[in-house]
Amino acid sequence: MIKKILYPTPQNAFIWLSSIYLLFLLYLGKANALTILFAYFLETILIGIFNALKMATTICYGNSKTKNVTLILFFVVHYGFFVAIQSIFGFALFSMGKSSIIKEPFNLIENYTSILQLEDIKFALPAIIFTHLGKFISDYIAQKKYLKFTTKELMFKPYLRIFIQQFVVIISFFFIVFNNGAGLIAAVLLIVFRLIVDLFFESIKENSAILDSLSIKLANEKTTADEIKKQLISYTE
């Protein structure tokens, strides 16, 4: 199963290319460990943007009879509030580091502006954007998933992914900021771990052998394999 998850395929090509590119930036010295960390931190916002695009696509081209645009607005407000709280917590940690550019955790706009003005963020951030844009086009649009999901189902899909993502970023933060000798190693491990997590999410797709195998193993007396399969598809979209 592990081999199937890690094996490069046309479906996970964007994930592999993005990770290799970030590792290449570290090797060339075009991005430092802290910039890689901030790039993944900014990914939380990108996940919300692309989820809103999925909701909009579903409203415009999906089979749902209700074309409720207010659900997108509700998601933007709800998700925005969630990201704001998470950002304050993250910036509070970043401000503890001597080399951090973050001064006041509650100044969200100023802090994000400072991150975007980092000289090497222009090299690292496009890799994250490239991954999500590629997956949105090749997976959600090309596979016509807007016909399979409703806007209500899409509203809460990003939260599991960003919880895992931010947890990994925060753990990596302590190694990068407080241990100068381990900064580069921590950045490499962050990229590799994120690669494995993203490949795992990508492998659990509808009609995949991994999804079938995993749902059978997780099935129990209370939850059938089909029910677990639906939950996995929902959580990893």
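Q: What makes α3 oblique to α5 in this predicted model?
A: Start with the angle: the axes of α3 and α5 cross at roughly 130 degrees and come within 11 Å. An angle over 145 would count as roughly antiparallel, and 65 to 115 as roughly perpendicular. The value of roughly 130 degrees fits neither range, so α3 is oblique to α5. As for its hand, the crossing of α3 and α5 is left-handed.

Q: Why are α3 and α6 called roughly parallel to each other?
A: Helix α3, residues 33–61, packs with helix α6, residues 121–141, at an angle of about 25 degrees. Angles under 35 degrees count as roughly parallel, and therefore α3 and α6 earn that description. Their axes are 9 Å apart, and α3 passes α6 in a right-handed crossing.

Q: Which classes of residue make up the contact of α3 with α6?
A: There are 17 nonpolar residues in this contact, along with four polar and two charged ones.

Q: How do you know that T131 is buried?
A: Look along helix α6, where T131 lies. Its relative accessible area is 8%, and buried means under 20%, so T131 is counted as buried. The side chain of T131 also has a partner: a polar contact of 2.9 Å joins T131 to the side chain of S18.

Q: What makes the pair T131 and S18 a polar contact?
A: The cut-off for the N or O atoms is within 3.5 Å, and the two side chains are joined at 2.9 Å.

Q: Why does S95 count as partly exposed?
A: S95 has 27% relative accessibility. Buried would need a value under 20%, and exposed a value over 50%; S95 lies in between, so it counts as partly exposed. You can find S95 in the loop between α4 (70–94) and α5 (108–116).

Q: How far apart are S95 and P105 in sequence and in space?
A: They are 10 residues apart in sequence, while their C-alpha atoms are 7.1 Å apart in space.

Q: Which residues have the most contacts inside the largest nonpolar core, and how many residues does that core have?
A: The core has 57 residues, and L22, I36, L37, Y40 and F94 have the most contacts inside it. Helix α3 gives the largest share of this core, with 15 residues. Another core, of five residues, lies apart from it; I5, I15, L199 and I210 are among its members.

Note on methods
Residues numbered from 1 in each chain as written. Predicted model: local features only at pLDDT ≥ 70, side-chain atom pairs only at ≥ 80, totals over all residues. Heavy atoms only, no water. Axes fitted to C-alpha atoms, helices over the stretch in contact; angles between N-to-C directions. Helix = DSSP H or I, 4+ residues; strand = E, 2+ residues; numbered from the N terminus. Left-handed = near helix turned anticlockwise from the far one by under 90°. Nonpolar A, V, L, I, M, F, W, Y, C, P; charged D, E, K, R; others polar. Buried < 20%, exposed > 50% of the residue type's maximum accessible area, 1.4 Å probe, protein only. Core = buried A, V, L, I, M, F, W, Y, C linked by side-chain atoms within 4.5 Å. Polar contact = N/O pair within 3.5 Å; in protein donor to acceptor, adjacent residues only side chain to side chain.
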